[in-house]
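Visitor: Before we look, I would like each label explained by the value behind it.
Guide: Then we take the labels one by one.

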Amino acid sequence: METMSTKRELIAKTARAHAGEPITNLHHYIDESWLEESLKKLNKNSAAGVDGKTYEEYERESGRKLPDLLGRFKTGSYYAPPVRRIYINKENGKRRPIGIPTIEDKILQEAVKMVVEPVYEQDFYDTSYGFRPGRSQHQALERVWQEVMDNHVLYILDADIENYFGSIDHGQLRMLLDQRIKDGVVRKQIDKWLKAGVMEDETLHYEREGTPQGGVISPLLSNIFLHTVLDAWYHEIKVLLKGKSFMVRYADDFVMGFERKEDAQRVMKVIFKRFSKYGLRLHPEKTRMISLSKYDQSLPATFDFHSWVYPLHGGKPERETGAETQDQQEKSEKESQEYIYMAQGQQAHEGETVD
């Protein structure tokens, strides 16, 4: 019997053979063994969703429940339950919303994620590090430092996307998915998750934007969106620049580096319009140009990327005060797979040139 790993390799091979074309038959890879593996991948200490069922309770009944879940998924009769919203306290005294899907919903999200992910792993650029197989926050940080040193980068575009995970336009996301995923069963299920409500204090409401709160599949959907909005766009305009440049992105956090100030200014001039085209907004004050040159003090001299502060050109980056150790960082990365994406908030292109 083929393992999940073998099947994912087959999906990747198909995606490479049909680069840029939609894949139409993915759901048949999902069978009972696929759902069993998806169950094993979940955090056993996951909190219960709106049905109150814990991981252990579901696991004990999985022999009966998984075949039923598979049938409902394949026939399109699966109902995506609302996520349970709770709040945790932050150090600054504010509260952070957390979305908690049911265990069964997490299983199916994991299963769908595992068939869709190999398709997009053939498309994603190596400048993207967040929530991808074999990639980590530590690698992203190292890449930024290496690029700055190797390319003699003197100017940084430090950007901040306002409420990214809660601002993703569902219509735009569907159009982007159309380019690579046209399996009707899979797409219908993703639509159900986008439309699933949020239960808070026994009140049900629906989000019109954003990826599923707390959803296992949310990081992948978010990466798919920014792959087009940012990553592919950067690689198109990169060839128009006069000097060396780089970009590194981890989830919604990204920086661009430039050898020449005029290139940084040209990109800064158009990047707000680029994000606006897709319904996203860059923070006008937090998105800024940084100078790493000691000969140009007209701009701020440091920038931070995932809690690391990068000083003047030639200096070494340092952790911000109170930031996590690497062990804590790796632990939080793993836990983030289920929660962090929606925990951070409520829930040649026309007219774009670099000149």
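Guide: A residue is called buried when its relative accessible area is under 20%, and exposed when that is over 50%. The model here is predicted.

Visitor: Why is Phe 131 called buried?
Guide: Phe 131 has 13% relative accessibility, and the cut-off for buried is under 20%, so Phe 131 counts as buried. Phe 131 sits in the loop between helix 5 (103-121) and helix 6 (137-150).

Visitor: What makes the phi of Phe 131 worth a remark?
Guide: Most residues other than glycine have a negative phi. Phe 131 is not a glycine, yet its phi is positive, about 55°. Ala 251 also is not a glycine and has a positive phi, about 60°.

Visitor: Where is Ala 251, and is Ala 251 buried or exposed?
Guide: Ala 251 is in the loop between strand 6 (245-250) and strand 7 (253-258). Its relative accessible area is 5%; buried means under 20%, so Ala 251 is buried.

Visitor: How do you know which label fits Leu 176, buried or exposed?
Guide: Leu 176, in helix 8 (residues 170-178), has a relative accessible area of 7%. With the limit at under 20%, Leu 176 is therefore buried. Leaving aside neighbours within four places in sequence, Leu 176 is in contact with Tyr 120, Ile 224, Phe 225 and Thr 228. Of these, Ile 224 is 48 residues from Leu 176 in sequence, with 7.7 Å from C-alpha to C-alpha.

Visitor: Why are helix 5 and helix 9 called oblique?
Guide: Helix 5 and helix 9 (residues 184-195) pack at about 135°, with axes 11 Å apart. Roughly antiparallel needs over 145 degrees, and roughly perpendicular covers 65 to 115. The angle of about 135° fits neither range, so the two helices are oblique to each other.

Visitor: Which residues make that contact?
Guide: Helix 5 supplies Asp 105, Leu 108, Gln 109, Val 112 and Val 116, and helix 9 supplies Val 186, Gln 189, Ile 190 and Trp 193. By class, these are 6 nonpolar, 2 polar and 1 charged.

Visitor: What makes strand 6 and strand 8 edge strands?
Guide: The open sheet has 4 strands in the order 6-7-3-8, with antiparallel pairing. Strand 6 and strand 8 (288-291) each have a single partner strand, so one side of each lacks a neighbour in the sheet. Inside that order, strand 3 (residues 155-158) pairs with strand 7 over 4 bridges, and Asp 158 stands opposite Val 255 in strand 7.

Note on methods:
Residues are numbered from 1 along each chain as its sequence is written. This is a predicted model: local features need pLDDT of at least 70, side-chain atom pairs count only at pLDDT 80 or more; totals for chains, interfaces and linings use all residues. Side-chain values use heavy atoms; hydrogens and water are left out. Buried means under 20% relative accessible area, exposed over 50%, partly exposed in between (1.4 Å probe, protein chains only). Contact means heavy atoms within 4.5 Å. Axes are lines fitted to C-alpha atoms, for helices over the stretch in contact, and angles run from 0 to 180 degrees between N-to-C directions. Angles under 35 degrees count as roughly parallel, over 145 as roughly antiparallel, 65 to 115 as roughly perpendicular and the rest as oblique. Ala, Val, Leu, Ile, Met, Phe, Trp, Tyr, Cys and Pro count as nonpolar, Asp, Glu, Lys and Arg as charged, and the others, Gly among them, as polar. Two strands pair if DSSP finds at least two bridges between them.
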